[in-house]
Amino acid sequence: MRTLFLLGCLVLVGCGSFRPQSDYQVVIDPTFTPEQLDAITAGLQVWQTKFAGKGLNLSVSIAPCSDAEAQTCLVPNHDTDTSGATFILGMTHCNVGGGSYIQLYVDRYPTVVAQVGGGETLHHVLERTATHELGHALMGPEHLAAGNLMSASYTDQKDNPTPTDMAHFWGVR
Ligand SMILES: [Zn+2]
């Protein structure tokens with residue numbers, strides 16, 4: 001049986017007035033492990049590659065989140081509950097000030113690795129989830145059809161932004 005993993009994005013009031021930024025101050029919580037930081041950095045590089053020469057900037061630091069209204073904060077959530085038919089791997093709160101608060105449910109990813117099988121790794125689950133949730137921070141709460149990075153379910157997603165993802169990305173700007 002194929003299990004779908006939902007990547008949730010909790011849409012708060014501020015997301016309704018989502019306004020894209022040109023400079024993103026990304027702040028990664030220092031309590032992620034070195035291996036987790038590697039995977040998150042890889043996810044950031046996916047977007048930085050897309051930004052190159054396009055007038056957008058992502059600056060990255062490893063520090064506690066100090067201002068989620070202005071910063072794009074990534075923090076671990078250590079909830080381990082994977083008992084439901086679907087469960088959340090990441091959640092992004094979009095804030096009125098243009099910043100975002102991204103929670104990555106890192107302690108649920110071993111279950112994803114076990115259920116997906118086929119050489120799936122913790123690094124890959126975290127990299128793709130970070131890339132997807134950063135996508136919400138950059139382009140708002142919408143999900144796209146299966147076969148895109150911004151598909152809702154893990155098993156429907158691509159690792160990198162597709163032309164459809166990028167059309168949406170530029171369409172909100
Ligand atoms: Zn999502």
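Helix α3 is mostly covered in this predicted model, since 15 of its 18 residues are buried. The helix runs over residues 122-139, and its length can be checked with a short calculation: at 1.5 Å a residue, the 18 residues of α3 should span 26 Å, and the C-alpha atoms at its two ends are in fact 26 Å apart, so the expected and the computed values agree. Directly after α3 comes Gly140, a residue whose phi angle is positive, near 95 degrees.

Which residues lie against α3? One set belongs to helix α1, which covers residues 34-51. The axes of α1 and α3 come within 8 Å and cross at roughly 45 degrees, and the two helices are therefore oblique to each other. As α1 passes α3, the crossing is right-handed. On the α1 side, the contact is made by Glu35, Gln36, Asp38, Ala39, Ile40, Ala42, Gly43, Leu44, Val46 and Trp47, while α3 contributes His123, Leu126, Glu127, Ala130, Thr131, Leu134 and Leu138. Sorted by class, the residues of this contact divide into ten nonpolar, four polar and three charged.

A second set of residues that lie against α3 belongs to helix α2, made of residues 109-116. Here the axes are 9 Å apart and the helices pack at an angle of about 110 degrees, which makes α2 roughly perpendicular to α3, because angles of 65 to 115 degrees are counted in that way. The crossing in which α2 passes α3 is right-handed. In this contact, Tyr109, Pro110, Val112 and Val113 of α2 meet Leu122, Val125 and Leu126 of α3. By class, the contact of α2 with α3 has seven nonpolar residues, with no polar and no charged ones. Leu126 of α3 deserves a second look, for this residue takes part in the contact with α2 and is also listed in the contact with α1.

The last residue to consider is Val116, which is found in helix α2. Is Val116 buried, exposed or partly exposed? With 17 C-beta neighbours inside 10 Å, Val116 counts as partly exposed, because a residue needs 20 or more such neighbours to be called buried and 12 or fewer to be called exposed. Val116 can also be related to a part of the chain beyond its own helix: Thr155 is 39 residues apart from Val116 along the chain, and the C-alpha atoms of these two residues are separated by 8.2 Å.

Technical notes
Residues are numbered from 1 along each chain as its sequence is written. This is a predicted model: local features need pLDDT of at least 70, side-chain atom pairs count only at pLDDT 80 or more; totals for chains, interfaces and linings use all residues. Axes are lines fitted to C-alpha atoms, for helices over the stretch in contact, and angles run from 0 to 180 degrees between N-to-C directions. Helices (H or I, at least four residues) and strands (E, at least two) are DSSP runs, numbered from the N terminus. Angles under 35 degrees count as roughly parallel, over 145 as roughly antiparallel, 65 to 115 as roughly perpendicular and the rest as oblique. A crossing is left-handed if the near helix is turned anticlockwise from the far one by less than a right angle, and right-handed if clockwise. Two residues are in contact if their C-beta atoms, placed from the backbone, lie within 7 Å. Ala, Val, Leu, Ile, Met, Phe, Trp, Tyr, Cys and Pro count as nonpolar, Asp, Glu, Lys and Arg as charged, and the others, Gly among them, as polar. The expected span of a helix is 1.5 Å times one less than its number of residues.
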